[in-house]
Amino acid sequence: MQKTPDEPYNQSLKFIGIVNNNIILFYHSDERRSDGPAEKDLSSRPQEYTEKLKSSIKQQTDFLLSEEEDKKIRTDDIFTSVTIQRGPKHFEEPKEKQLDEIQASTRKPLTNCSEMFLCPENDNQQSTASCTTNPKSILLTGKAGIGKSLFCRKLVRDWSHNRLFEEGQENAKVPDFQFVFLLTFRQLLLPEEKRLDLRDILNRSSLLNEHSVIDEPLLQYMIENPEKLLIILDGYDEYKQRKKITGDFETRYPNDPHEKMPVPALIAKIMKGKMLNGAVVLISSRPEEAEELKEIVFDVRCDIQGFSSLQVLEYIEKYFKANESMKNKALDHIKTNEILLSFGHIPVMCFLMCYYIKWYMTESKTTEKLPVTRTELYLEVTILFIKKHSFSKYEEMEETKVQEILHKLAEIAVNLMMEDKYIFNENDMKKFKLSDEEITSLKASGLLDCCPGVKKSPFDKPPLEFTFTHRTIQEFLCAFFISSADSLSLGVCKLDDECAKIICDMLPRTNIKRLYLNANNITDVGVKIICDMLPGTNITHLHLGANDITDVGVETICDMLPGTNITHLYLGYNNITDVSVEIICDMLPRTNITHLDLGWNKITDVGVKIICDMLPRTKITDLNLDVNKITNVGAQCLCSVLKRDDCGVKVLDLHNNNITRLGSEGGCIKGECAMRDDVEVSGICGSVESNTGEAVIGENAGGGRKLEGSAVSGELLAGSIDNWSDGD
């Protein structure tokens with residue numbers, strides 16, 4: 001029988017624990033045998049576990065910095081521009097004119113990152129030691145790519161090295177975090193029917209290993225001493241079931257840490273203090289999604305701000321302070337490159353920039369061929385991570401092998417984005433022909449996080465699951481893959497005009513030849529954006545069927561087409577009338593279009609007559625006019641023009657029009673037309689039959705790399721491209 005939320009729970013200590021590839025069984029009974037082997041004092045186990053946890057965290061975050069750099073660079077050194085706001089007024093929506101004034105009066109910069117865990121000075125400006133309660137709930141916000149995830153990981157790493165707090169802060173008011181757990185919302189995207197308890201969810205931390213599994217006695221110690229826990233939940237904006245966290249969904253389940261319940265209910269109870277009340281909980285999110293948390297009162301809200309140009313240069317000086325020559329060369333390179341200087345306003349990117357420049361200058365002893373754009377920098381850093389954790393020595397790793405792994409990883413990233421997924425496993429990687437050795441090196445590269453997957457039974461070996469360490473890595477890899485793809489298929493993706501703009505900004509820098517934007521929400525405004533972009537691309541196939549395009553949009557398309565490489569134009573299932581047909585026909589003789597799809601529109605015999613007059617002067621070979629308002633008159637007109645030797649049409653589709661049988665003998669319209677032998681007509685009696693009840697809009701992409709979207713992936717992909725479409 002399920003317990004009610006208010007009913008006290010029974011503390012069962014029987015446990016089966018699983019972390020990563022290991023199954024760990026631990027049985028504990030209240031009846032202890034006095035004559036058995038001496039059992040280790042359980043009071044010492046939390047301290048031992050803390051050391052094992054710290055060791056695991058150090059091991060799992062080694063890619064952040066080398067050991068030498070790690071000793072010198074603290075979280076505060078990387079994130080020196082963080083503001084803090086305290087109290088319940090984080091989500092008030094002031095009038096626009098008041099916003100700057102309110103922010104200026106309520107926010108202040110952090111001197112060091114540990115301040116977010118300490119109670120503030122009071123109104124009398126007394127010392128922090130006079131506080132009675134440290135913050136228990138912290139909201140960390142920052143725009144995409146600003147460094148929230150690295151901030152969280154570096155906090156955890158600093159804790160593992162006993163340097164989260166300054167020496168002068170070691171007093172009774174400093175939290176004594178004995179256990180720190182970092183969980184990403186990406187790792188918690190489990191099937192809705194999956195149920196977890198508190199121990200299950202803590203054991204999903206990607207920073208645990210087989211030696212730091214939480215068993216039942218340890219869990220019980222944590223339940224009894226919640227103030228010793230820091231739980232970091234990173235990436236709230238990436239979670240699909242956010243409404244279940246912010247609403248009352250969790251009230252359907254008891255506040256019992258041993259109770260199995262849906263993941264969003266468990267997360268909500270931790271965030272709202274209904275479980276582990278007294279633990280410090282830090283949530284990170286992009287600002288827009290963070291606004292959804294306004295019903296949850298946070299003690300502190302921190303925001304990672306961007307560096308100013310001056311701070312970028314100060315950071316570079318600090319990073320290279322041990323090598324004066326290298327520092328000056330790095331400063332000269334960045335000062336003379338506005339793109340890199342502006343790129344450095346994101347703290348984590350500034351760090352990556354310095355990290356790569358130092359490695360490159362150490363290896364090559366020169367500043368030549370250093371990256372000068374954001375895309376180049378991300379590409380080089382990604383390649384560096386792959387090389388440094390290669391299954392072979394770096395010097396022996398061929399560039400072709402590096403590129404091969406990079407393209408496979410990019411293909412995984414874009415397919416996950418298209419499927420609206422963040423988690424994948426080794427089988428998914430093998431589908432893209434990654435070898436066991438390549439998978440092993442990627443696990444250690446720092447590009448992927450690893451966590452235990454969902455097991456079918458308690459005794460099954462749990463599969464390992466992976467996510468990209470940061471969403472911007474996945475977004476970059478998506479853009480990288482698209483730049484080398486032949487075909488971009490975003491049909492039925494709910495794209496609007498704004499999404500079309502984002503995609504169009506990126507297309508001139510790609511090799512894409514086939515662009516599928518059919519069955520979206522693109523209007524005449526979006527058509528104008530697309531048309532402005534097309535002359536600078538390699539696109540030959542343009543699919544705009546099933547959108548909201550009117551005669552105005554058609555005129556825009558026709559004005560643009562003569563200056564493009566378009567050979568296949570698909571405008572089916574729009575609102576095209578005879579007016580648009582006349583505009584199209586005036587334009588076609590000046591283009592290279594061979595395939596024209598005008599099916600599922602409002603074309604009548606009047607429009608057909610205009611088409612017939614135009615066809616001999618064009619390069620059209622395939623013409624689709626199915627599902628319009630064409631009668632026998634229009635069909636006869638088409639048949640007559642198809643007889644002509646100067647008409648190049650070889651395929652004509654007239655399905656589902658108002659074409660009827662003729663004559664008392666049941667003859668058909670085709671019988672009156674002696675067409676050429678090489679002409680295939682469908683949709684009139686006696687012609688080639690097809691599935692007349694099916695609307696086929698456009699054609700499938702042929703050959704090359706192809707990307708196909710889902711009903712929700714288009715917006716995600718557009719958002720990914722948005723971060724990499726600014727020309728740098």
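These legends walk through several close-up views of a predicted model.

**View 1. Strand β6 is covered on both faces.**
Let's begin with β6, which spans residues 179–184. Six of its six residues are buried. In a regular strand the side chains alternate between the two faces of the sheet. Here Phe179, Phe181 and Leu183 sit on one side, while Val180, Leu182 and Thr184 sit on the other, and all are buried. Strand β8 (residues 229–234) pairs with β6 in the parallel sense, over six bridges. If you would like a spot to orient yourself, find phenylalanine 179, which stands opposite leucine 229 of β8.

**View 2. Phenylalanine 179 and tyrosine 221 form an aromatic pair.**
Stay with phenylalanine 179 for this view, a buried residue with a relative accessible area of 0%. The model holds 16 aromatic pairs in total. In the one shown here, the ring centres of phenylalanine 179 and tyrosine 221 are 6.0 Å apart and the planes lie at 85°, so the pair is edge-to-face; the cut-off for that class is over 60 degrees. Which parts of the chain does this pair tie together? Phenylalanine 179 belongs to strand β6 and tyrosine 221 to helix α7 (residues 216–224), so the pair joins parts that are 42 residues apart in sequence. Look for Tyr49 as well: ring pairs link Tyr49, Phe179 and Tyr221 into a cluster.

**View 3. Helix α9 is mostly covered.**
Helix α9 takes in residues 263–271, and nine of its nine residues are buried. You can follow them along the helix as Val263, Pro264, Ala265, Leu266, Ile267, Ala268, Lys269, Ile270 and Met271. Notice that a lysine, Lys269, is among the buried residues. What do the buried residues of α9 pack against? Their partners are the strands β7 (195–196), β8, β9 (261–262) and β10 (280–285), together with the helices α6 (198–202) and α8 (242–246). Just after α9, look for glycine 273, which has a positive phi of about 75°.

**View 4. Strand β14 pairs with strand β12.**
This view turns to β14, residues 464–468, where five of five residues are buried. Leu464, Phe466 and Phe468 are on one side of the strand, and Glu465 and Thr467 are on the other; both faces are covered. Strand β12 (residues 424–425) pairs with β14 in the antiparallel sense over two bridges. Two phenylalanines mark the pairing: phenylalanine 424 stands opposite phenylalanine 466 in β14.

**View 5. Helices α15 and α19 cross roughly perpendicular to each other.**
Two packed helices are described by the angle between their axes and the distance between the axes. For α15 (residues 374–388) and α19 (residues 471–483), the axes come within 11 Å and cross at roughly 105°. That angle falls in the 65 to 115 degree range, so the two helices count as roughly perpendicular. From α15, the contact uses Thr375, Tyr378, Leu379 and Thr382; from α19, Thr472, Ile473, Phe476, Leu477 and Phe480. By class, the contact has six nonpolar residues, three polar and no charged.

**View 6. Threonine 382 sits buried in helix α15.**
Now take a closer look at one residue of that contact, threonine 382 in α15. Is threonine 382 buried or exposed? Its relative accessibility is 3%, so threonine 382 counts as buried. Setting aside neighbours within four places in sequence, threonine 382 is in contact with Leu406, Leu447, Phe476 and Leu477. Phe476 and Leu477 belong to α19.

**View 7. Helices α22, α23 and α24 pack as two roughly parallel pairs.**
Helix α22 (residues 551–560) packs with helix α23 (residues 578–587) at an angle of about 0°, and their axes are 9 Å apart. Asp551, Val554, Glu555 and Cys558 of α22 meet Val579, Ser580, Ile583, Ile584 and Met587 of α23. The contact of α22 with α23 includes six nonpolar, one polar and two charged residues. Helix α23 also packs with helix α24 (residues 605–614), at an angle of about 10° and with axes 8 Å apart. There, Asp578, Val581, Glu582 and Cys585 of α23 make the contact with Val606, Gly607, Ile610, Ile611 and Met614 of α24. The contact of α23 with α24 divides into six nonpolar, one polar and two charged residues.

How values were computed. Residues are numbered from 1 along each chain as its sequence is written. This is a predicted model: local features need pLDDT of at least 70, side-chain atom pairs count only at pLDDT 80 or more; totals for chains, interfaces and linings use all residues. Side-chain values use heavy atoms; hydrogens and water are left out. Axes are lines fitted to C-alpha atoms, for helices over the stretch in contact, and angles run from 0 to 180 degrees between N-to-C directions. Helices (H or I, at least four residues) and strands (E, at least two) are DSSP runs, numbered from the N terminus. Angles under 35 degrees count as roughly parallel, over 145 as roughly antiparallel, 65 to 115 as roughly perpendicular and the rest as oblique. Contact means heavy atoms within 4.5 Å. Ala, Val, Leu, Ile, Met, Phe, Trp, Tyr, Cys and Pro count as nonpolar, Asp, Glu, Lys and Arg as charged, and the others, Gly among them, as polar. Buried means under 20% relative accessible area, exposed over 50%, partly exposed in between (1.4 Å probe, protein chains only). Two strands pair if DSSP finds at least two bridges between them. Rings of Phe, Tyr and Trp (its six-membered ring) pair if their centres lie within 6.5 Å; planes under 30 degrees apart count as stacked, over 60 as edge-to-face and the rest as tilted.
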